[in-house]
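Here's a friendly walk through some of the details worth finding in this model. Keep the viewer open and follow along.

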Amino acid sequence: MILKPRFSSYALTRAPSRRETCSGFTRTSMVAAAATAAMGKSRRSSKKSDRLEQEIAENPAANGDVEEASGRDEESQPSDAASLSEDESSQGSPVDSEEENGGVNGDEDHRSGEESDSSEEEVPSRNTIGDVPLEWYKDEEHIGYDVAGKKIKKQARKDRIESFLAGVDDAKNWRKIYDEYNDEEVELTKEEVKIISRMLKGKTPHAGVDPYAPYVDWFVWDDKGHPLSNAPEPKRRFVPSKWEQKKVVQYVRAIRKGLIKFDKPKEEPRVYLLWGDDSSAAENKRHGLSYIPAPKPKLAGHEESYNPSVEYIPTQEEINSYQLMYEEDRPKFIPRRFESLRSVPAYEKALKENFDRCLDLYLCPRTRKKRINIDPESLKPKLPSRKDLRPYPRTCYLEYRGHTGPVKTISIDISGQWMASGSSDGTVRVWEIETSRCLRVWNVGEAIKHISWNPLPELPVLAISAGHDVLILDTGLGNAEEQARIKELLHVEESKPEEDGGSTPVVSWVQDDKYDCIRLKHLKAVTTVEWHRKGDYFTTVVPSGDSRAILIHQLSKKHTQNPFKKLHGLPVSAVFHPTRSIFFISTKKNIRVYDLLKQKLVKKLETGVREISSIAIHPGGDNVIVGSKDGKMCWFDMDLSSKSYKTLKAHPKDITNVAFHRSYPLFASCSDDCTAYVFHGMVYSDLNQNPLIVPLEILRGHTSSDGRGVLDCKFHPRQPWLFTAGADSIIKLYCH
Amino acid sequence: MPKHYRPPGKKKEGNAAKYITRTKAVHYLQVSLSNFRKLCILKGIFPREPKKKVEGNHKTYYHMKDILFLAHEPLLEKFRDIRAHKKKVKKALARKNRDLADRLLNREPTYKLDRLILERYPTFVDALRDLDDCLTMVHLFAALPAVEGERIQVERIHNCRRLSHEWQAYISRTHSLRKTFISVKGIYYQAEVEGQKITWLTPHALQQVLTDDVDFNVMLTFSEFYVALLGFVNFKLYHSINVKYPPILDPRLEALAAELYALCRYISAGSGRLSGDPQAITSVEDGQHEVEKTDTRTEESELRLAQLQHQLSANEPGALMHLMENTDDMDDEDHEKKECRNLFRNLKFFLSREVPRESLLFVIPAFGGVVSWDGNGSPFKESAEDITHQIVDRPTQGHVFLSREYVQPQWVYDCINARIILPTEKYLVGRVPPPHLSPFVDNEAEGYIPEYAETIKRLQAAAKKQVLPMPGVESQDLDDPQTLLVEGIIDRTEANEAAEKKRKLTMLEKQYHDELNMELQGITYSTSLSNKNLQSSAENVKEDTVTTLEESEDLSKVSMSRKKRKLYEAMKIGQERKKEKIKLLKERKKNAEASKTG
């Protein structure tokens with residue numbers, strides 16, 4: 001039993017490689033182990049020894065556990081035991097029933113076994129001398145002492161004859177073995193003998209063991225980066241290489257013979273004819289991206305001379321003034337004058353400048369840039385001479401004075417004889433154009449926003465927008481017959497608005513007794529009034545009026561319509577087409593063109609300006625100009641596109657109004673910068689030819705007041721004359 | 001989704017793919033920044049401006065193709081080798097393995113730049129086009145102090161010196177120098193080689209100071225490339241005039257720091273021209289330089305031997321070369337070259353000690369003059385009688401030879417720029433010379449012509465008229481210059497000068513009259529104007545026209561497109577600035593004159 005504890009401990013330490021140990025047993029050691037184990041057990045009760053045998057036999061086969069097989073004989077789990085017992089029963093072992101009977105005891109044993117986990121024996125050996133050679137006790141009578149301190153006596157030695165006789169008598173004698181250590185005779189059971197015989201044959205100790213059971217790989221190989229090899233370093237790693245030695249010898253000999261030289265003479269940089277024949281397809285040698293040569297440094301001018309002429313040398317004050325400049329603007333080089341060449345010192349910045357050039361060469365990004373070297377005058381467009389485009393208004397011919405506030409609006413009678421003007425002082429004046437005589441004055445009481453003559457010559461009626469109201473005013477011009485007709489036309493029956501009474505009317509037509517006119521009362525302030533070409537309809541714009549912003553009124557029937565319920569953006573003004581039944585509404589951003597007969601949107605003109613201030617339609621009807629509050633004027637050719645054909649940026653300030661001449665190819669714009677521009681705007685009947693726009697004249701003369709300049713401009717209906725109304729309460733007439 | 005979102009797996013496109021920032025390029029090439037710099041300088045790779053800067057405005061962008069070009073450069077590998085080698089040396093030194101360190105230091109990896117040069121400049125003309133910076137830098141390095149232990153290797157400086165002299169010798173020999181200009185920064189030269197105008201700046205012959213505000217690594221890398229480039233360029237140029245390169249110089253002259261002269265002699269000897277001169281030089285001996293000579297005696301003898309050998313070998317094809325030279329002279333010389341070659345012909349110069357010898361030794365022969373200097377190794381002495389001009393830069397001249405004129409060095413440069421022999425009165429010793437004007441400025445384009453430029457112009461015109469009727473005489477002179485006596489030459493020059501003076505005087509008179517007339521007219525014009533203004537009767541008409549003119553300008557601006565209008569305005573601003581400058585110059589001039597007279 002000496003081997004036993006060692007064995008078990010070995011099994012424990014090598015737990016991960018249990019299988020190896022099992023297979024690593026030599027046959028003889030196996031046999032010896034089994035024999036000694038059997039010897040140890042046989043001393044105990046037969047039942048126990050039986051069980052030991054079972055476990056030796058069964059356990060390794062069942063779960064490959066040698067440890068349990070050798071050391072913890074009682075430990076096997078009940079289930080295991082059960083399965084084992086079944087196996088045994090099938091083999092028809094005589095101990096089966098006992099095993100089964102002793103199930104409970106087995107459990108108990110199992111527990112006790114667990115308590116003494118060490119490999120100590122429950123049944124101690126008889127010998128107590130310990131692990132010392134038996135030779136030491138050869139001559140002694142005893143083999144150790146028992147618990148009581150008495151000597152454990154050796155048994156008396158049987159002589160040969162005696163033993164022989166005993167063997168002859170006893171049929172079981174062949175099974176008896178003398179245990180030298182414990183000095184006793186042990187009788188092997190039949191099973192033990194069987195095991196030994198199997199071992200001697202080189203078979204597994206137990207018949208039930210399958211040595212060739214399929215291999216179950218318990219190790220998880222996945223994701224293991226290294227082989228599980230514990231192979232020791234091979235010998236070749238520690239032995240000097242023979243090949244190397246040979247090579248070394250070779251080198252040594254070569255060095256001795258002088259074949260290998262260590263100190264080569266340094267090679268001088270050799271120059272040779274690098275560019276032999278240039279013509280040989282040098283272009284093919286060029287590769288990579290196109291080379292952009294660095295710009296050459298600026299060549300020295302007169303001022304860099306060591307002896308420049310006097311005018312290049314700055315005075316002391318100028319040099320001092322350089323100190324006040326920004327560092328970037330400061331001149332890099334201050335010219336100096338030396339009387340003779342010998343007095344010129346070394347240039348201290350030479351190295352620095354060269355270094356800067358180097359930096360420029362390798363650090364500055366290079367691009368090819370087109371440098372235009374042209375006369376700036378050639379950039380100007382070629383325009384026809386202004387002389388050929390005469391007549392156009394050029395000089396101030398007349399001034400109409402009388403208003404006390406800024407003249408907001410003017411309007412010229414279709415006959416070209418009269419002019420009406422409205423001012424923010426609340427008066428409306430009618431002037432005779434040629435004499436600048438003020439014919440009549442009406443004091444409306446409120447600032448006049450817009451004023452407009454009826455386009456019919458036989459109906460000299462003014463439409464005036466003042467505050468919330470629009471007045472249709474009889475000017476009293478024309479003969480008696482016409483006056484009578486006007487009287488009749490401008491009569492409103494008082495009962496009319498009351499008839500409509502139920503819902504609040506958009507506009508109420510009221511007879512004004514003071515001036516003997518019609519007053520159209522709007523809900524909010526009216527900015528513009530424009531007549532239809534036939535003089536019966538007119539439109540008013542109420543910018544804050546939401547869905548009632550643009551109204552069309554009929555004078556003969558005293559009737560008001562509101563056809564444009566939905567507008568996109570705030571309306572600025574509305575104009576009738578000069579010939580067709582088309583209606584233009586300008587909102588702040590764009591112009592919407594409606595067909596009044598079909599009652600639908602025809603076109604939308606996109607201006608791209610910040611805020612539209614005014615609009616004018618070419619008498620032909622296909623071109624529109626739009627003035628904006630950022631000083632731009634856009635010309636639209638409606639047949640061409642919905643975008644502007646040309647945008648002219650002439651005024652630095654808001655454009656207040658734009659106007660077309662009825663017959664001459666002229667148009668004008670006036671602005672808050674106190675100027676009015678006159679342009680030549682020729683529209684050709686040939687559709688392929690774009691309109692010709694030539695700026696002709698800047699008309700100055702008005703003075704600014706309160707930040708406003710020229711507020712309105714209108715052309716004379718027949719003459720190439722322009723009227724401008726200024727914020728300085730003067731109206732000017734410019735003639736050709 | 002961000003505006004420039006690129007879905008994963010999709011390649012970059014456009015500028016993002018085409019251009020790479022410098023940091024990324026450095027990472028891409030796996031080199032250090034300093035090596036990257038060096039590589040860029042040697043390879044001539046420069047950043048480019050992408051249309052759209054994808055990674056931000058303040059970054060340097062390289063074209064991806066350029067970077068790939070660098071990535072395939074064998075030099076890159078070489079740099080890595082050098083770095084590894086340095087590490088090895090360092091390691092050996094740290095281990096106190098002196099032996100290994102020495103051995104390693106002997107086998108330092110080196111690289112050559114010839115392939116790079118050919119790659120960057122596939123044709124010779126390309127190289128010439130880019131030679132300006134190269135020459136300026138080489139000349140600057142040549143002027144730096146060659147002191148051991150400074151940041152620049154002495155060898156490099158000597159190399160630069162040699163190359164610059166070789167270049168100057170070539171230019172001087174082929175008479176391709178066109179313009180010179182003494183500025184405060186140094187002397188500018190402009191030469192014309194193979195139709196390319198090459199301008200370079202040489203610092204004044206004074207010791208330069210190495211400043212600290214300069215990164216010498218960058219400078220040295222540039223100079224490394226430039227030295228290699230100039231070497232090859234010189235080889236090609238020398239080859240084109242049938243002279244062996246590298247030249248072997250007369251060691252004695254070299255020792256006397258007159259390399260340029262030595263080179264010139266070498267070239268002329270090589271091309272089989274002047275051969276009798278050496279005796280004159282060998283006769284010169286001085287005690288001052290004897291110490292130096294004993295030091296370099298061994299070297300000297302070796303060099304002399306080499307030179308002798310060379311001359312022996314060169315003797316054989318000498319005749320052929322001579323022939324070639326002559327044909328060269330005959331056909332492909334344009335008018336300008338001829339003019340340059342003959343400018344100082346028949347003039348003999350002598351340089352005093354104080355004048356910039358190197359520059360003048362370069363410049364005078366380039367325009368056909370003969371020159372000597374005060375010092376060792378000079379071809380002729382100060383006492384030589386046929387010297388026509390002595391160049392001096394001192395307040396007073398003690399001993400005066402009556403047969404020659406004593407002029408300041410500026411006279412030479414002004415003559416070259418004007419291409420005529422200017423009168424010497426203004427340049428005489430002790431006087432303040434007239435202003436030295438830049439030949440690189442186009443006065444007409446600039447809009448302001450300095451006074452002296454006008455005088456020179458008049459003189460030029462006069463010279464042309466004079467020369468025209470006399471070609472027969474001159475050609476005769478040129479036909480057999482040997483037969484002409486020195487006195488004869490002097491007579492002729494004197495006569496020429498007298499005639500010139502006369503011509504000049506008449507010209508001046510004429511000019512004066514013209515000017516007077518002009519002035520009178522101008523005055524009358526202006527006075528009449530003022531009178532009219534005073535009368536102010538017809539004023540309106542005038543003003544009207546003025547306003548209309550202004551208006552028309554305004555009006556045409558109205559109908560311009562915005563782009564054109566801005567361009568127009570910018571150009572106008574530029575013109576205004578120019579006008580301002582001219583106005584300032586005129587004002588200063590007026591003030592100066594007023595202070596002079598008042």
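The loop between β30 (692-699) and β31 (710-715) of chain A is where D706(A) lies. Keep in mind that this is a predicted model. What is phi for D706(A)? Phi sits near 60 degrees, a positive value in a residue other than glycine. That's worth a second look, since most residues other than glycine have a negative phi. Is D706(A) buried or exposed? D706(A) has 8 other C-beta atoms within 10 Å, so it counts as exposed.

Chain A has another aspartate to look at here. D183(A) is not a glycine either, yet its phi is positive, at about 55 degrees. You'll find D183(A) in the loop between β3 (176-179) and β4 (184-187) of chain A. D183(A) has 18 C-beta neighbours inside 10 Å, so this residue counts as partly exposed.

Next up are the cis peptide bonds. In general, most peptide bonds are trans. Here are two that aren't, with the place of the proline in each:

| Cis peptide bond | Omega | Loop that holds the proline |
|---|---|---|
| R390(A) to P391(A) | about 5 degrees | between α14 (350-363) and β5 (395-401) of chain A |
| Y245(B) to P246(B) | near -5 degrees | between α11 (216-240) and α12 (251-255) of chain B |

Now for a sheet in chain A. In what order do its strands run? This open sheet is made of 4 strands, going β15-β16-β17-β18 (chain A), and the pairing is antiparallel. At the edges stand β15 (528-531) and β18 (559-561) of chain A; each has a single partner strand, so one side of each is left without a neighbour in the sheet. On average, neighbouring strands of this sheet are turned by 25 degrees against each other, direction ignored. As background, strands of a sheet pair through backbone hydrogen bonds, either parallel or antiparallel.

Zoom in on one of those pairings. Strand β17 (residues 550-554) of chain A runs antiparallel to β18(A), and 3 bridges join the two. If you want a spot to click on, try Q554(A), whose bridge partner in β18(A) is H559(A).

Over to chain B. How many helices and strands does chain B have? There are 26 helices and 9 strands. Chain B has 598 residues, and 31% of them count as buried. Take the contacts in chain B between residues at least 6 apart in sequence: 64% of these join residues at least 24 apart.

For a single residue to follow in chain B, pick R357(B), which lies in helix α19 (residues 357-366). R357(B) counts as buried because 23 other C-beta atoms lie within 10 Å. Which residues does R357(B) touch, leaving aside neighbours within four places in sequence? The contacts of R357(B) are L351(B) and W373(B). You can also check the spacing to S372(B): this residue is 15 residues from R357(B) along the chain, and their C-alpha atoms are separated by 9.4 Å.

Finally, look at where the two chains meet. Chain B gives 90 residues to the contact and chain A gives 60 residues. On the side of chain B that touches chain A, the residues divide into 46 nonpolar, 20 polar and 24 charged.

Conventions: Residues numbered from 1 in each chain as written. Chains lettered and ligands numbered in written order. Predicted model: local features only at pLDDT ≥ 70, side-chain atom pairs only at ≥ 80, totals over all residues. Buried ≥ 20, exposed ≤ 12 C-beta atoms within 10 Å, placed from the backbone. Contact = placed C-beta atoms within 7 Å. Nonpolar A, V, L, I, M, F, W, Y, C, P; charged D, E, K, R; others polar. Pairing = 2+ DSSP bridges. Axes fitted to C-alpha atoms, helices over the stretch in contact; angles between N-to-C directions.
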